[in-house]
Every structure is written in structure tokens, then in C-alpha cells.
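Visitor: Could you take me through one part of this protein slowly? I would like a close look at the backbone in its loops, and then at how the parts of the chain sit together.

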Amino acid sequence: MPVALLPPITGSHGPTDAEPLTEGPRFVRTRAMTRWHRVRSGIRYTNGRLVYNLWCTGHVQGATFLSCDTPPASEPVCGLCDGKAVGAGQEPDGPPGRQLLFSPRHINPPKNCPGSRTDMTEELPGGRAGRCLACSDTLPLRAMGGPYNPRWAIVQHPPGPGLVPPCPFHRWRQLTARAGTVVCSCGRDLTS
Ligand SMILES: [Zn+2]
Ligand SMILES: [Zn+2]
Ligand SMILES: [Zn+2]
């Protein structure tokens, strides 16, 4: 039975020729690995190559790895992978008697809207309020920047219910305005 995967979040520019996978195998290992690992996220490149990222570190790829639902009892399972996957809620089964908790970063929307204090703003008639291009809320405009570099931007605010869906690779962390819409730095148009 495949498991639901998390988005393949990356801090780098991220692959532009790949799509995120929503499902993957429960446990994987290469022949060189000393234990079974759990899969956190996965991507499929346009050339068909699959890469599964592990909850601890590293990845398996191509056709060079083994996968299974339940590792043989005699073979060890990576404690980091098990603890993180169960603690994050990907898997219900942890060690008996433990309530594991692990909170992956950048999964949930940020506390402050990424449109706060940026040029992701559409000025409304009158000039006192703007529409946040990231979440569509209407908010007051304030002068920002120094005296030599003045600009108008929306005040800091929590994301409104209209917040754009996240980029699967960069979430809401690399948004910029482009022609009245919001795009991710990797080129994904998030408002469409
Ligand atoms: Zn692991
Ligand atoms: Zn906003
Ligand atoms: Zn992106």
C-alpha cells in the first residue's frame, strides 16, 4: 500500500523539469543501506526518472532500490525516519506507548502573509488601501523604506482565506509579483 507523500520542499532553486509525487512506497532501501528508511517526498523528472527523498537525509532513485510495506522483523528501521514520519502524522503506527510529535517546517501557511510589506500590492482608488496579491485581502497602505527609497506597501498581516496555493517546491517562501499576479521564483504561476 503506498503512503501519501509530503510536498518536496527545497531551499534551493528547485527542479523545473520535475513534478511532485503524491504517493510513494512505505519503506525503501538500497542494497548498500544498513537499514530501511521511510519516504517523505518524491519527484518525477520529465525523462521519467523517479527520486524519493527520505525523512532522515538522502534519497533513493531509479530502479536501484528495494521497497516494502513491512520490513522483515530481523532487519532494522531508521529511527529518524520512523520518528519523523509517525510524529508528523504520515503514519499512524509508532512504537507502542509513545505519542510521537514532529512538526515539519513550511508545510502550513506562514504566520505573516508573504504579501506583507512587499510590492505584491494592487493599489486601490484613493491610495489609502491596497489589495494583497498573495491573499486578496484589502489592507491599509503604509510608507516603507527610508527617506531616499520610499515606497508604499501593505502592512504586516496574517494570510487571508484567499492565500494562493503553495509552490510544491518552495511553498510560500519565494513569491514575487508579476503583472498583477503572484509567481514563485521557479516560475510557477500560483494564482491561475
Ligand atoms: Zn532514514
Ligand atoms: Zn496577504
Ligand atoms: Zn517554486
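Guide: Let us begin with how to read the model, then visit two loop residues and finish with the domains.

This is a predicted model, in which local features need pLDDT of at least 70 and side-chain atom pairs count only at pLDDT 80 or more, while totals for chains, interfaces and linings use all residues. Residues are numbered from 1 along each chain as its sequence is written, and chains are lettered from A and ligands numbered from 1 in the order in which they are written.

Most residues other than glycine have a negative phi. Now look at His 106, where phi is positive, near 70°. You will find His 106 in the loop between α1 (79–87) and β9 (121–123); helices (H or I, at least four residues) and strands (E, at least two) are DSSP runs, numbered from the N terminus. His 106 counts as partly exposed because 15 other C-beta atoms lie within 10 Å; buried would take 20 or more, exposed 12 or fewer, and partly exposed is in between, with C-beta atoms placed from the backbone.

Next comes Ser 136, not a glycine either, with a positive phi of about 70°. Its loop runs between β10 (129–132) and β11 (138–144). With 16 other C-beta atoms within 10 Å, Ser 136 is partly exposed.

Finally, step back to the domains. The chain is divided into domain 1 (3–87) and domain 2 (121–184), with bounds from an automatic or database domain assignment. Their centres, taken over C-alpha atoms, are 36 Å apart. Six residues of domain 1 are in contact with four of domain 2, contact meaning C-beta atoms, placed from the backbone, within 7 Å.

Note on methods:
Two residues are in contact if their C-beta atoms, placed from the backbone, lie within 7 Å.
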